[in-house]
Amino acid sequence: MVSFAPTHPLDVFFSRVSSGGNGDVQVQSVEGHGLVQVFASRGKTAAVEKALGIKETPGEATHHRSYHAIPLAPGQWFLISAKPDPKNFAGGLSKKLKKDGYVSEQADSRVLLRLSGDRVGEMMQKGCRLDLHPSVTGKGWCAQTQIAQCGVILHQIDDKPTYDILVYSGFAQHFAEWLEHTGAQLGISFSR
């Protein structure tokens, strides 16, 4: 019988890049959090919003004590657990939804990176096609876009600003390498 050791899509990247440091842009691989996509059944969007305490307002994430909910499309959200190592994050959400919607586990299909630091705004301007000026964005702002030719979900978690970026696992190494090369002139550091 073949046994597989669990790996992370950025293990190879982190094996060659030095971790830590105090760059003007810090990139942290946020690991172990629950990542799920929630879908409302037809005509049940309001019921899902009520059951989970979330909103469907485009461009505005809901910050719940247990998770952040990012609206993706009518009746669809991406939820990130607030704490690592959720024992049954998807199962708990499914119980709350009953028959009003369903949950799709996404922890293996996405990588969550947190970008912060004094020059993170400059870094984001180099790859993001959206207007990230503070007059347009702020805590809770979110969008789906492309950065480094990768489809990402972008969520501003505070006004410093700090950004959470969800990228598909298959593109995670390419995206991390883009961050490394683009951020070299700004002073970038990586951590897990």
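**Notebook: cores, sheet and backbone outliers**

I started at L179 and listed its contacts beyond four places in sequence: V27, L113, L115, M123, I188 and F190. I note here that the model is predicted.

A second, separate core came up next, with 15 residues. V36, A40, V48 and L97 are among them.

Then I went back to L179 and looked up the largest nonpolar core, which has 31 residues. Which of its residues touch the most other members? I found M124, I147, F175 and L179. I then checked which elements give two or more residues to this core. The helices are helix 1 (11-16), helix 4 (120-125) and helix 5 (172-183). The strands are strand 1 (25-30), strand 7 (110-116), strand 8, strand 9 and strand 10. Helix 5 gives the most, with five residues.

**Sheet**

I traced an open sheet of five strands next. The order reads 3-4-5-2-6, and the pairing is antiparallel. Which strands sit at the edges? They are strand 3 (62-63) and strand 6, and each pairs on one side only.

I looked closer at strand 2 (residues 33-40) and strand 5 (residues 76-84). Six bridges join this antiparallel pair. In strand 5, Q76 is the residue opposite F39.

I also checked what helix 3 lies across. I noted strand 2, strand 4 (67-73), strand 5 and strand 6. Helix 3 runs at about 175° to strand 6.

**Backbone outliers**

I looked for positive phi outside glycine. K98 has a phi of about 55°. I placed K98 in the loop between helix 3 (89-97) and strand 6 (101-105). Is K98 buried or exposed? Its relative accessible area is 66%, so K98 is exposed.

A148 also has a positive phi, near 55°, and is not a glycine. I found A148 in the loop between strand 8 (142-147) and strand 9. A148 counts as buried because its relative accessibility is 14%, and the cut-off for buried is under 20%.

Last, I looked up the peptide bond between K160 and P161. That bond is cis, with omega about 5°. Where does P161 lie? I placed P161 in the loop between strand 9 (150-158) and strand 10 (162-168).

Terms used. Residues numbered from 1 in each chain as written. Predicted model: local features only at pLDDT ≥ 70, side-chain atom pairs only at ≥ 80, totals over all residues. Heavy atoms only, no water. Helix = DSSP H or I, 4+ residues; strand = E, 2+ residues; numbered from the N terminus. Buried < 20%, exposed > 50% of the residue type's maximum accessible area, 1.4 Å probe, protein only. Core = buried A, V, L, I, M, F, W, Y, C linked by side-chain atoms within 4.5 Å. Contact = heavy atoms within 4.5 Å. Pairing = 2+ DSSP bridges. Axes fitted to C-alpha atoms, helices over the stretch in contact; angles between N-to-C directions.
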